[in-house]
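Colleague: Please describe in detail the surroundings of ligand 1, with the criteria behind each term.

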Amino acid sequence: MTNRSNLFFYYKHSVEHEEQLQPLFNLAKENGFHLVDNHEQANIIVSVGGDGMFLQAVRKTGFRQDCLYMGITVNEHASLYCDFHLSNFNEMVRSMLHDDIEVRKFPVIEARINKTMPFYCLNEVSIRSSIIKTITLDVFIDDLYFERFRGDGLIVSTPTGSTAYNKSTKGAVVDPKIPCFQVTELASLNNNRFRTLGSSFILSGERKLYLQTVDDGNDHPIIGIDNEALPIRNIEEVAVKLSDCVIKTVKLKNNSYWDRVKRTFL
Ligand code: NAP
Ligand code: MN
């Protein structure tokens, strides 16, 4: 495991956490891992916290392609991105030392705002009205004009993001083995004047989606990428596609995606 021995821990720094994590740090060092202070030197990045912390760990370290990501939870709640709990860190070290792990790859989407540089999203990109009025968006799939959406906004989620915001708006839960992305509506107006599909839809990873704001006095929507809001005003277009990047995480035995969905929701 020499090629995978530099560990970087991403967590909320506080005296309490440092104390809680000290046994973990010691165990890692005793087993030949190097703890590094700079994530750029790491080949394994470990987030400590829930799903929100995992999303931040991935974002703040730049969606590294040459790293494995791992999530450790500290409380009793099951978490979609976190396979380990503080109390079974032992098991994690043992599996890593014995190469007893499988690597799984999670699809990532790329959102390009106003044709500038792309932002990566592990959960979703959302576009929402920031005022009390509805937002109007023209939806294009590849070259096809598909629909004119009026309502609170749209969410474009990855498969692993499908259990997050997407699920709260009745989107489907999608197996991350399928390279695709899903579009869900936030409170669309549907009446004799305005019409949208009304259900969420899943696009093949080969497609491109374009959301164009319609100039009706509401062109300052909020753009959310995972758990961050983008400070961009005057949104004209959001282009979304599946990225070539993936997020690699460690898979324990008997812990498939559907095990985790069951554990979290059923
Ligand atoms: P948050 O508001 O604390 O998160 C909301 C909840 O979503 C938390 O319980 C979080 O888990 C959970 N979560 C995050 N990613 C998930 C995933 N892929 N599958 C299942 N649950 C997931 O904010 P946050 O923790 O920073 O998470 C950001 C995410 O919250 C966004 O990416 C978006 O998907 C979601 N969100 C949901 C709604 C909604 O459902 N109405 C609205 C806004 C945002 P932890 O407690 O383990 O962190
Ligand atoms: Mn959270």
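Modeller: The account below concerns the shell around ligand 1 and its contacts. This is a predicted model, in which local features need pLDDT of at least 70 and side-chain atom pairs count only at pLDDT 80 or more, while totals for chains, interfaces and linings use all residues. Residues are numbered from 1 along each chain as its sequence is written, chains are lettered from A and ligands numbered from 1 in the order in which they are written, and side-chain values use heavy atoms, with hydrogens and water left out.

Around ligand 1 there are 15 residues, a residue being near a molecule if one of its heavy atoms lies within 4 Å of it. Asp 51, Glu 124, Thr 163, Ser 168 and Asn 227 come nearest. By class, the shell comprises five nonpolar, seven polar and three charged residues; here Ala, Val, Leu, Ile, Met, Phe, Trp, Tyr, Cys and Pro count as nonpolar, Asp, Glu, Lys and Arg as charged, and the others, Gly among them, as polar. Domain 1 (6-99) and domain 2 (108-244) each contribute at least three residues to this shell, with bounds taken from an automatic or database domain assignment.

Several polar contacts (pairs of N or O atoms within 3.5 Å) can be listed. Asn 227 places a polar side-chain atom 2.9 Å from an oxygen atom of ligand 1. The backbone also takes part: an N or O atom of Thr 160 is 3.0 Å from a nitrogen atom of the ligand, and one of Tyr 165 is 3.1 Å from an oxygen atom of ligand 1. Of the 820 Å² of accessible area that ligand 1 has on its own, the protein covers 58%, by the Shrake-Rupley method with a 1.4 Å probe. Helix H2 (51-60) and helix H4 (165-168) are the elements that give two or more residues to the shell, and H2 supplies the largest share, three residues. Helices are DSSP runs (H or I, at least four residues) numbered from the N terminus.

Note on methods. A polar contact is a pair of N or O atoms within 3.5 Å; within protein, one must be able to donate a hydrogen and the other to accept it, and residues adjacent in sequence count only if both atoms are side-chain atoms.
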